[in-house]
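Colleague: I am new to this model. Please take a close look at one part for me: the salt bridges and the residues around them.

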Amino acid sequence: MNYSVKKIGQILNATTQIDSKIVTGVSFDSRKVKSGDLFVALVAESDGHDYVQQALTKGATAVLVDDRHQIDSKIPAIIVSDTLLALQQLGEYRRHQINPKVVAITGSNGKTTTKDMASAIMGSQYKTFKTPENFNNEIGVPLTLLTMPDDTEVLVVELGMDRPGQLTTLSELVSPDIAIITMIGEAHIEFFKTRENIAKAKLEITKGLKSQGTLLVPYDEPLLTNAQVKQNVQTFGQDIKDINSSSSKTIFTYQNTRFAIPLLGRYNIMNALAAISAGILLHIELKNAAEALQHFDLTKNRTEQLTTSHGVNLISDVYNSNPTAVAAVLATLKIIPATHKYVVLGDMLELGEQAASLHACLAETVINANVDGVYLVGPLMNKYLYPILQRRFDSAHLHQYETDQLAELIKDLQTLGENGDVILLKASHGIHLENVVNALVK
């Protein structure tokens, strides 16, 4: 990004002042501003206009502000009616200026892992950029577009969703060539009420999908395979052969090519096949895709494999959680070769009036996982799952904690297990089990 204040004003049809300054980056957090940045004063829980001077002190070249706030005439500025809308318009401009092929990914679970896999595959033959961390909302997506290097040939972008209409906005912003829906689970069912409504909202990703673009969906999800969309629809996930798992990787054959991914579980095979299918559409050779997937950069806390100081293997999947995702990761835990296995489950959030039944229904899945100990965290797990598991586990093997008792949980887990044993941690991000993971691997 290398725009003058005047140029940004022209793009946004906005008023400018001291418009000779050059902007080389963008930030909406005054604490993270770097020299050359455009500071975007967003109006949210706190008003970014209150931090304009702090941003300038940190090195901001200019500020993007709205016309309801007064700004010193000596400050380089672009003045608009809505700073968030302007940020999105600026991002959309850059998307079309650079004009990479765009692979957009959404889903109830697995979208970040699929993003990481797709980026690695595309990067084997193209100059590729991907969504940083989890910048997947109305702010994060335009920031991704604006931080994309000038020479980007393929952009792999993650699109999040927690309400109807959101994916329409994001999809139209990035205008994908390929769209992927990883799965339909129960995430945000509090707001959508049914999986059918979630599927309908996920299909909004096609609103910006180019007319000649392709939508990739799981072959075993009728809510998606039977959907009526204008673009080409292809399925992924079928025709897998020779699946083998170890404690550190999953191996499978697809189209006569052997793949080995450094992740566990059939659900991660599905994520890999979504990414591979996108690669095929962009003419990536399967041997290059296989090589790329052997070692790729995985965003933190997505089915991350770690080791404690005394050799216990941790499987950390603590960014989001829903019943479908918990069942999938527990099925994976069941087949991992280990002398002892333990599971830490935190509350699944945003399930609304179905929270009680959806937590309770995990009981059979937990029991079938054949674990040696269960550690439950949060009021929902304790109220709805714990009483059922008490019929199967005695007090030495079933434990419960409130969300403010993570220190006690850490203390109990620090002495749990021996070299080669496995502890799985799974929860919604709001439970903050990442703090437990960080303490265990220090």
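Modeller: I start with the salt bridges and then move outward from them.

This is a predicted model: local features need pLDDT of at least 70, side-chain atom pairs count only at pLDDT 80 or more, and totals for chains, interfaces and linings use all residues. Residues are numbered from 1 along each chain as its sequence is written, and side-chain values use heavy atoms, with hydrogens and water left out.

The structure holds 16 salt bridges. A salt bridge here is a side-chain nitrogen of Lys or Arg within 4 Å of a carboxyl oxygen of Asp or Glu.

Begin at Asp 66. Its side chain meets that of Arg 68 in a salt bridge, at 3.2 Å from N to O. How accessible is Asp 66, buried or exposed? Asp 66 is buried, because its relative accessible area is 0%. Buried means under 20% relative accessible area, exposed means over 50%, and partly exposed lies in between (1.4 Å probe, protein chains only). The areas come from the Shrake-Rupley method with a 1.4 Å probe, and for residues only the protein chains shown count as cover.

Arg 68 also bridges to Asp 67, with 4.0 Å from N to O. Arg 68 has 59% relative accessibility, so it counts as exposed. A buried acid, Asp 66, is thus paired with an exposed base, Arg 68.

Now take Lys 426 and Asp 317. Their side chains form a salt bridge of 3.2 Å, N to O. This pair links distant parts of the chain: Lys 426 is in strand 22 (residues 422-426), Asp 317 is in strand 18 (residues 313-317), and 109 residues separate them. Strands (E, at least two residues) and helices (H or I, at least four) are DSSP runs, numbered from the N terminus. Lys 426 counts as buried, because its relative accessibility is 0%. Asp 317 is buried as well, with a relative accessible area of 6%.

There is also a network. Arg 95, Lys 101, Asp 177 and Lys 210 are joined into one by salt bridges that share partners. Where is Arg 95? Arg 95 sits in helix 3 (residues 83-98). Its relative accessibility is 0%, so Arg 95 is buried. Arg 95 and Thr 144 are 49 residues apart along the chain, and their C-alpha atoms are separated by 9.6 Å.

Go back to strand 18. Ser 316 lies there too. Ser 316 is buried, at 0% relative accessibility. Gln 88 is 228 residues from Ser 316 in sequence and 33 Å from it in space, C-alpha to C-alpha.

Next come charges without a bridge. Glu 402, Asp 404, Glu 408 and Asp 412 form a negative surface patch. Patch residues have over 30% relative accessible area and no salt bridge; like charges are joined within 9 Å, nonpolar side chains (Val, Leu, Ile, Met, Phe, Trp, Tyr) within 5 Å. Asp and Glu count as negative, Lys and Arg as positive, while His and the chain ends are not counted. Each charge is placed at NZ of Lys, CZ of Arg, CG of Asp or CD of Glu. In the patch, Asp 412 belongs to helix 16 (residues 406-414). Asp 412 is partly exposed, with a relative accessible area of 35%.

Another acid is Glu 291, in helix 11 (residues 286-294). Glu 291 has 56% relative accessibility and so counts as exposed. Glu 291 and Ala 260 are 31 residues apart in sequence and 8.5 Å apart in space, C-alpha to C-alpha.

Then there is Glu 350. Its C-alpha is 7.7 Å from that of Phe 191, and their positions lie 159 residues apart in sequence. Phe 191 is in helix 7 (residues 189-192). Phe 191 is partly exposed, because its relative accessible area is 46%.

Last, a lysine in helix 8 (residues 195-202). In this helix Lys 202 is buried, together with Ile 198, Ala 199 and Ala 201. These residues cover an arc of only 160° around the axis, which puts them on the same side of helix 8. The arc is that of the directions from the helix axis to the C-beta atoms.
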